[in-house]
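Good morning, colleagues. Please take a moment to look at the sequence and the structure on the screen before I begin.

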Protein chains: 2
Amino acid sequence: MTGAQPANDASVDLLSDRIRNALTDALANGEFKPGAALDEQALADRYGASRTPVREALRQLAVAGLVELRPRRGAVVARITIDRIMEMFECTAEIEALCARLATHRMTPIERSNLLRIHGQANEAARSADVDRYDALNRQFHEALYYGTHNQFLAEQAMTIRERLGAYRRTQLRQVGRLGRSIGEHDELVLAISRGDGEDAAKWMRAHLLNASSALIEFFEDGRQIAASDSPAP
Amino acid sequence: MTGAQPANDASVDLLSDRIRNALTDALANGEFKPGAALDEQALADRYGASRTPVREALRQLAVAGLVELRPRRGAVVARITIDRIMEMFECTAEIEALCARLATHRMTPIERSNLLRIHGQANEAARSADVDRYDALNRQFHEALYYGTHNQFLAEQAMTIRERLGAYRRTQLRQVGRLGRSIGEHDELVLAISRGDGEDAAKWMRAHLLNASSALIEFFEDGRQIAASDSPAP
DNA sequence: GATGATTTGTACGTATGTATA
DNA sequence: ATATACATACGTACAAATCAT
């Protein structure tokens, strides 16, 4: 569960790569809170390496948008505003809607039946309220649509954005009732695909993700902060 | 002309940043051919620095997809197949179509009139067959649409992809007749936006970029290779 | 296939700029 | 406001792997 970098993923015998992957996972899991300082020496100690590969990993993560690099002032976990999360959700919603539209016409019969199988399993997981299992199947479902576009580049873009939203997506699924509604939206999406109606599939996918977005925003406006703000008192 | 990295673009007093920017430009201009080896020491000499900042720059460019990093075997300019370029063009076409649709409804009057102004200037440049000027205005035109979506994240995504296609886009514009057709397509797009018909604007934008794609493919299938292949004889 | 040359990957040292007392 | 402490940025050194012969 690390990335959509094109090649290079093969041999991960480089320290800097291992550190980058470890940090990516840690960030996606919310292990480091937004705004938290990422001290090079501390990370070097944590991974039993010198500062050099840590620095390289941090620079790479900065390009991917996961950490913020302030020249000569160190790296912090990317601080993110609610507005930006909303922007990211809208972007995801539109790109995944696009994937749904293209995949509707391009999936092979095998891919289509695979999608249905995943959807069925997700339904079961939802009935037994197994959030973690549903989360995993949900990801599989969306990834099946990415690759169903038969456009590898687009699929990578979609994956990358989805990964960046990962930490926020999970909180949202745990809201009461959200899981059931999510399944319902998938139902409609799958029906539209089966009908071969790409535009309608896109519409349902967009609605699905915008609903998830709304759920998240409500959740946060119920008093919680997103970033552990460290800005000084005015 | 450097990038869509969120923050950090402010103070470029870091050597690694300057080198990264210089390399980005060099790559976009086709100064280094795909598949060409990027020797760390050679680049360090070229930029009057040590290998350390060069390495950091290369790692960053690898995340952005501009160079390919083979562990312990050095970095090469990202090799790209025609299929992948087609995928990238389709992805750009769809994402820019999306931008056009959103921008149609979201641009402020000022942004709209600015778009029209740029379009007018591009028309002039096209009439005088000033390809370089047209190229610059064309970029402004598309960027105006990105930011017209009022979704900063989406705009950054669009910019990043556009940059990655930069080196290939230019060759395509120099084909006979392509420039005139490009203007005609912009005309229709601008009309649709003025009418407030977002769906139609999206349609024209998609067509515009897919045409550019076709032009490029024909160009390459006329005997030219994309990557200076260095694979060994079979 | 073995050996030498070249280049990468990592560690470490030092200077410069930033934060803090 | 000045000085001290500290983290970063860059350079250099060396080990290990790749390549060329």
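I shall speak about confidence, then the domains and the sheet of chain A, then the two protein chains together, and finally the DNA strands.

Please bear in mind throughout that this is a predicted model. For chain A, the mean pLDDT is 86, and 87% of the residues reach 70 or more. The exceptions I wish to mention lie in two stretches. Residues 1–10 of chain A stay under 50, and the model has 13 contacts for them beyond four places in sequence. Residues 227–234 of chain A are also below 50, with 10 contacts in the model beyond near neighbours in sequence. Where pLDDT is low, the predicted coordinates should not be read in detail.

Let me turn to the domains. The domain assignment divides chain A into domain 1, residues 9–78, and domain 2, residues 81–222. Their centres, taken over C-alpha atoms, are separated by 29 Å. How many residues of domain 1 of chain A are in contact with domain 2 of chain A? There are four, and they meet four residues of domain 2. On the domain 1 side, these divide into two nonpolar and two polar residues, with no charged residue.

Chain A also has an open sheet of three strands, in the order E1-E3-E2, with antiparallel pairing. Strand E1 (37–38) and strand E2 (67–70) of chain A are the edge strands, each pairing on one side only. E2(A) is joined to strand E3, residues 74–77 of chain A, by four bridges in the antiparallel sense. Within that pairing, Glu68(A) has Val76(A) in E3(A) as its bridge partner.

Next, the relation between the two protein chains. A turn of 180° with a shift of 0.1 Å along the axis lays chain B on chain A with an RMSD of 0.3 Å. That is why we may speak of the relation of a two-fold axis. The same surface serves both copies, since 100% of the contact residues of chain B recur in chain A. Which residue of chain B comes closest to the rotation axis? This is Gln60(B), whose C-alpha lies at 2.6 Å.

The contact itself takes 30 residues from chain A and 29 residues from chain B. On the chain B side, the elements that give two or more residues are H3, strand E2 (67–70), helix H4 (82–106) and helix H7 (152–173). H4(B) gives the most, with seven residues. By class, this side of chain B has 12 nonpolar, eight polar and nine charged residues.

I come finally to the DNA. Around DNA strand C there are 16 residues, of which Leu15(A), Ser50(A), Thr52(A), Glu40(B) and Gly74(B) come nearest. At least two residues each are supplied by helix H1 (15–28) and helix H3 (51–63) of chain A, and by helix H2 (40–46) of chain B. H3(A) provides the largest share, three residues. The surface near DNA strand C comprises five nonpolar, five polar and six charged residues.

DNA strand D is surrounded by 17 residues, the closest being Glu40(A), Gly74(A), Leu15(B), Ser50(B) and Thr52(B). Here helix H2 (40–46) comes from chain A, while helix H1 (15–28) and helix H3 (51–63) come from chain B, each giving two or more residues. The largest share, three residues, belongs to H3(B). The surface near DNA strand D has five nonpolar, six polar and six charged residues.

Thank you for your attention.

Note on methods: Residues are numbered from 1 along each chain as its sequence is written. Chains are lettered from A and ligands numbered from 1 in the order in which they are written. This is a predicted model: local features need pLDDT of at least 70, side-chain atom pairs count only at pLDDT 80 or more; totals for chains, interfaces and linings use all residues. Copies are superposed by least squares on the C-alpha atoms of residues with pLDDT of at least 70 in both. Two residues are in contact if their C-beta atoms, placed from the backbone, lie within 7 Å. A residue is near a molecule or strand if its C-beta atom, placed from the backbone, lies within 6 Å of it. Ala, Val, Leu, Ile, Met, Phe, Trp, Tyr, Cys and Pro count as nonpolar, Asp, Glu, Lys and Arg as charged, and the others, Gly among them, as polar. Domain bounds come from an automatic or database domain assignment. pLDDT is the predictor's confidence in each residue, from 0 to 100. Two strands pair if DSSP finds at least two bridges between them.
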